[in-house]
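Q: Hi! I have a structure open and I'd like to walk through it with you. Can we take it bit by bit?

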Amino acid sequence: MTDFKDTSKAGRESLLAGLNNEQKKAVLQDGGPMLILAGAGSGKTRVITHRIAHLVLERHVPPWRILAITFTNKAASEMKSRAAALIGNIDAMWIGTFHTMMLRILRQDCHRLGFAPGFSILDSDDQRRAVKDVLKDMGIDNTTIPLREITSRISFAKNEMVSPAELARTAHGNPYLGTIARVYENYVAYCKRHNGFDFDDILLYTLQLLREHEDLRARYQTRFLHILVDEYQDTNRVQYELVKLLAAHHRNLAVVGDDDQSIYRFRGADIRNILDFEGDNPDTTVIRLEQNYRSTKTILNAANAVIDKNESRKKKQLWTEGETGEPVTFYLASDHVGEAAFVANDIRKRLSSTADTEYAILYRASALTRNIEAALRERGISYAIFGGMRFYDRKEVKDVNAYIRLAVNPGDNLALTRIINVPKRGIGDQTIEALREVSADMNISMLEAARQASMHPQLSRAAGALARFVAIMDRLSALLHESDTSFALLVERVTKESGLAKQLEADMLTDLSARTRLENMNELISDALEFEKKYLGGEILAAWADDFKSPEEAAETIDDSLIAVATAYLEQTALFSDQDRAENRPDVNLMTIHSAKGLEFQNVYLVGAEERIFPSAQAEENDDLEEERRLCYVAMTRAKKRLTITAARSRLLYGRTQYNPPSRFLSDIPDELVNEVGGSKQAPPRQSDSGSQLFRTLSKLDSLRRKKADEQKRQAPEHNGIVWQTLKPGDSINHVRLGSGEILAITPTGDNAILRIRFAGGERRFLSGSGELSVE
DNA sequence: CATTGATCGATTTTT
DNA sequence: TCGATCAATG
């Protein structure tokens with residue numbers, strides 16, 4: 001351990017410098033179970049990294065005996081670089097996501113579960129296609145049960161460790177659920193047959209492996225002297241069991257989280273894991289990090305007031321020594337266009353008049369971005385939408401990777417079906433279906449079936465095309481297994497041999513987007529080159545190092561064959577997003593509240609703060625309001641300096657105009673913390689039952705505004721028609737000729753509005769200004 | 001076998 | 001509204 005930073009007294013003190021008492025306690029705590037309740041902006045990452053540094057530098061824990069688990073790769077790399085800055089070389093330390101860490105264990109001993117080491121990792125798209133295949137095999141019409149319903153139920157079952165048999169039992173004769181259970185069972189077999197793991201499997205099978213094999217269990221249990229888990233409130237049951245098992249021997253388990261920020265129930269997070277941690281471990285040391293270093297007093301108090309309404313939570317009260325700051329701004333626009341304009345104007349004003357550089361617009365659902373984007377574009381404000389498509393999820397990139405996948409794992413029928421006719425080579429659905437049949441009947445892979453095409457009458461028609469495809473795969477596989485060329489070169493050969501590059505070049509003549517796709521493909525080659533450098537240089541090495549060797553020793557045993565590099569590369573593309581690929585800094589960041597978690601901005605705009613949007617309609621139906629409230633808390637606590645919340649009285653969403661009152665969360669914010677600005681010219685919101693002062697103020701302002709609007713109307717030339725502002729969908733209306741009808745939708749167009757009306761004879765649209773309409 | 005119109009349906013998302 | 005997905009046609 002020669003390359004660690006010096007552990008002089010000065011070094012030691014700097015580890016604790018600037019930490020508050022609670023933070024110090026968390027860093028210095030000996031061991032045993034520890035629950036660190038870290039409020040938003042309380043310096044959580046700092047505490048974790050400093051604790052790791054303390055363990056290594058002061059307590060002389062070898063880095064390879066520390067396991068630190070995060071939820072995202074982004075969080076992991078952040079933690080790694082900050083820990084490395086404090087400690088020095090930490091290559092041997094296991095810092096990473098659950099999936100990355102468990103994959104390490106799985107790779108080494110997957111044969112004990114009946115899997116081969118070159119296994120594929122199925123992404124959600126593969127998963128869907130796998131379920132489709134299973135349905136076809138079972139002769140189930142894939143319209144009876146929605147695909148997403150099946151995949152999500154299977155995923156939930158896996159997260160809860162419910163086996164197909166158990167799921168069938170809990171179906172209690174319900175044929176719908178019974179079918180899903182049978183699909184689940186066949187899907188598991190399907191994955192095994194194809195030597196593939198889906199994301200849930202990576203965790204579930206690792207748990208199974210460790211539970212069933214005492215030697216492996218003992219090996220990892222003794223190895224990890226200290227285990228740290230970040231974002232513990234978002235763990236699911238499998239993750240909970242994994243952590244529990246791995247920590248069972250030394251019991252030095254520090255979990256860090258914030259129950260108030262648990263917002264991933266929909267993907268299996270179980271808030272009980274954090275709420276019951278003390279109960280599960282009676283000797284737990286609980287540390288509360290309640291001092292916030294991010295937001296103003298006002299923002300914090302407003303957020304506290306909102307979250308305080310939740311019943312099931314560990315009470316926590318964030319406080320700050322920071323300034324009081326400006327009140328929270330609330331703006332109620334007349335419609336979605338006005339809302340977007342307000343936000344965009346406000347940002348434009350601040351961009352030119354202040355030195356602020358951080359702006360984020362947050363929303364509950366991504367459908368809300370459209371108007372915002374338009375408003376920003378109109379004003380020439382640059383923006384970026386956070387959390388779009390991953391680089392590795394682009395079609396052209398996935399196609400190339402599918403060729404590599406198939407070369408590495410010839411049993412991967414999903415990869416095969418993806419690219420057997422990409423680019424087009426005359427192998428259609430019929431042929432693919434026939435291949436599937438032959439492969440199932442003969443118990444061989446589809447690639448093997450294609451190889452034997454001439455022996456099977458169903459395949460004779462496409463035999464020529466199939467032979468050409470097999471020849472391509474043979475060349476690639478020969479290159480992979482026999483050649484000592486570089487991996488990047490292999491990737492380039494894939495693009496050439498497959499004809500993908502040629503195809504894109506041809507497409508460029510007619511299709512402008514083909515250029516981008518070609519660029520992406522070339523980018524993939526440089527990406528592969530970069531990865532290869534890292535891999536051979538030992539940076540990825542720790543992932544493959546045998547447990548108890550130093551990185552140097554491990555370097556000698558590492559497999560540097562092309563196939564090993566390819567396997568590692570495929571793993572990276574399956575598991576890593578590319579959110580770190582920083583693009584030019586935009587003026588404004590647009591993102592969902594979910595993806596804003598963990599981030600902070602000087603100026604935050606929370607838009608669409610309306611009932612049925614936030615909280616969402618389905619959250620209300622499912623009685624999931626506490627989670628929505630936590631989401632609101634997360635949104636508010638992203639703001640450092642200024643928080644603006646907006647809502648619209650009418651909003652065109654999913655092709656319908658909705659009229660929703662402002663979000664109930666607004667009424668939880670004490671009035672003195674809010675400044676309501678500007679406004680609309682329409683009817684007041686539906687009176688809230690909360691009787692909050694804010695709503696009364698809103699109504700007062702509103703009646704003033706209405707008076708003004710009425711005056712303006714009187715001065716303006718009188719126009720015919722009806723006062724559409726008082727109407728809402730569902731109201732009845734009369735037409736001179738068509739008689740009585742029901743309003744379906746109202747689309748404002750300035751003074752006027754388009755009314756979609758259902759009459760006895762069908763639907764018609766009218767301008768509200770048309771003199772032919774009258775209210776009943 | 002590839003292309004085209006109808007139909008459905010729509011929170012949130014990482015790995 | 002908009003987009004993806006899917007059955008029917010040339």
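Q: Where does Pro615 sit?
A: This is a predicted model, and in it Pro615 is in the loop between strand E13 (601–606) and helix H29.

Q: And is the peptide bond from Phe614 to Pro615 cis or trans?
A: The bond from Phe614 to Pro615 is cis, with omega near 5°. Most peptide bonds are trans.

Q: Which peptide bond leading into Pro423 is cis, and what is omega near there?
A: That is the bond from Val422 to Pro423, with omega near -5°. Pro423 belongs to the loop between helix H19 (413–419) and helix H20.

Q: OK, backbone angles next. What is phi of Asp623 near?
A: Phi of Asp623 is near 60°, which is positive even though the residue is not a glycine. Most residues other than glycine have a negative phi. You can find Asp623 in the loop between H29 and helix H30 (625–636).

Q: Buried or exposed, that Asp623?
A: Exposed, because its relative accessible area is 67% and the cut-off for exposed is over 50%.

Q: What about phi of Glu231?
A: Glu231 is not a glycine, but its phi is positive at about 50°. It lies in the loop between strand E6 (226–229) and helix H12 (237–247). Glu231 counts as buried, because its relative accessibility is 16% and buried means under 20%.

Q: Switching to the DNA! Which residues come nearest to DNA strand B?
A: Asn73, Arg364, Ser366, Gly428 and Thr592 come nearest, out of 30 residues around DNA strand B. Looking at the DNA side, sugar and phosphate make up 54% of the atoms of DNA strand B within 4 Å of the protein.

Q: Which part of DNA strand B does the Arg364 side chain lie 2.4 Å from?
A: A base oxygen: a polar side-chain atom of Arg364 lies 2.4 Å from it. For Ser366, an N or O atom of the side chain is 2.6 Å from a phosphate oxygen of DNA strand B. Arg267 has a side-chain N or O atom 3.3 Å from a sugar or linking oxygen of that strand.

Q: Which helices each supply at least two residues to that surface?
A: Helix H20 (429–442), helix H28 (593–596) and helix H29 (617–621) each do so near DNA strand B. By class, the surface there divides into nine nonpolar, 17 polar and four charged residues.

Q: I see H28 in that list. Where is Ala596, buried or exposed?
A: Ala596 is found in helix H28, and it is buried, with a relative accessible area of 0%.

Q: And which residues are around DNA strand C?
A: Those are Lys132, Arg370, Tyr654 and Gly655. The side chain of Lys132 has an N or O atom 3.4 Å from a phosphate oxygen of DNA strand C. A polar side-chain atom of Arg370 also lies 3.4 Å from a phosphate oxygen of DNA strand C. Sugar or phosphate accounts for 47% of the atoms of DNA strand C within 4 Å of the protein, and bases for the rest.

Q: New topic: holes! How many cavities of 30 Å³ or more are there?
A: The count comes to three. The largest cavity has a volume of about 270 Å³. It is lined by 21 residues, and the closest to its centre are Ile121, Arg405, Leu570, Thr573 and Ala574.

Q: Which elements give two or more residues to that lining?
A: Strand E4 (120–122), helix H18 (395–408) and helix H27 (562–575) do. The lining of the largest cavity divides into seven nonpolar, five polar and nine charged residues.

Q: Last one: how many disulfides does the structure hold?
A: Zero. Take Cys110: the nearest cysteine sulfur is that of Cys191, 14 Å away. The cut-off for a disulfide is a pair of cysteine sulfur atoms within 2.5 Å, so Cys110 is in none.

Q: Is Cys110 buried or exposed, then?
A: Cys110 is buried, at 0% relative accessibility. Cys632 counts as buried too, at 4%.

Note on methods:
Residues numbered from 1 in each chain as written. Chains lettered and ligands numbered in written order. Predicted model: local features only at pLDDT ≥ 70, side-chain atom pairs only at ≥ 80, totals over all residues. Heavy atoms only, no water. 1 Å grid on protein atoms, 1.4 Å probe; cavity = no way out; pocket = protein on both sides within 12 Å on 5 of 7 lines; lining within 4 Å. Points joined across faces, edges and corners; volume = space filled by probe spheres on them. Helix = DSSP H or I, 4+ residues; strand = E, 2+ residues; numbered from the N terminus. Nonpolar A, V, L, I, M, F, W, Y, C, P; charged D, E, K, R; others polar. Buried < 20%, exposed > 50% of the residue type's maximum accessible area, 1.4 Å probe, protein only. Near = heavy atom within 4 Å. Polar contact = N/O pair within 3.5 Å; in protein donor to acceptor, adjacent residues only side chain to side chain.
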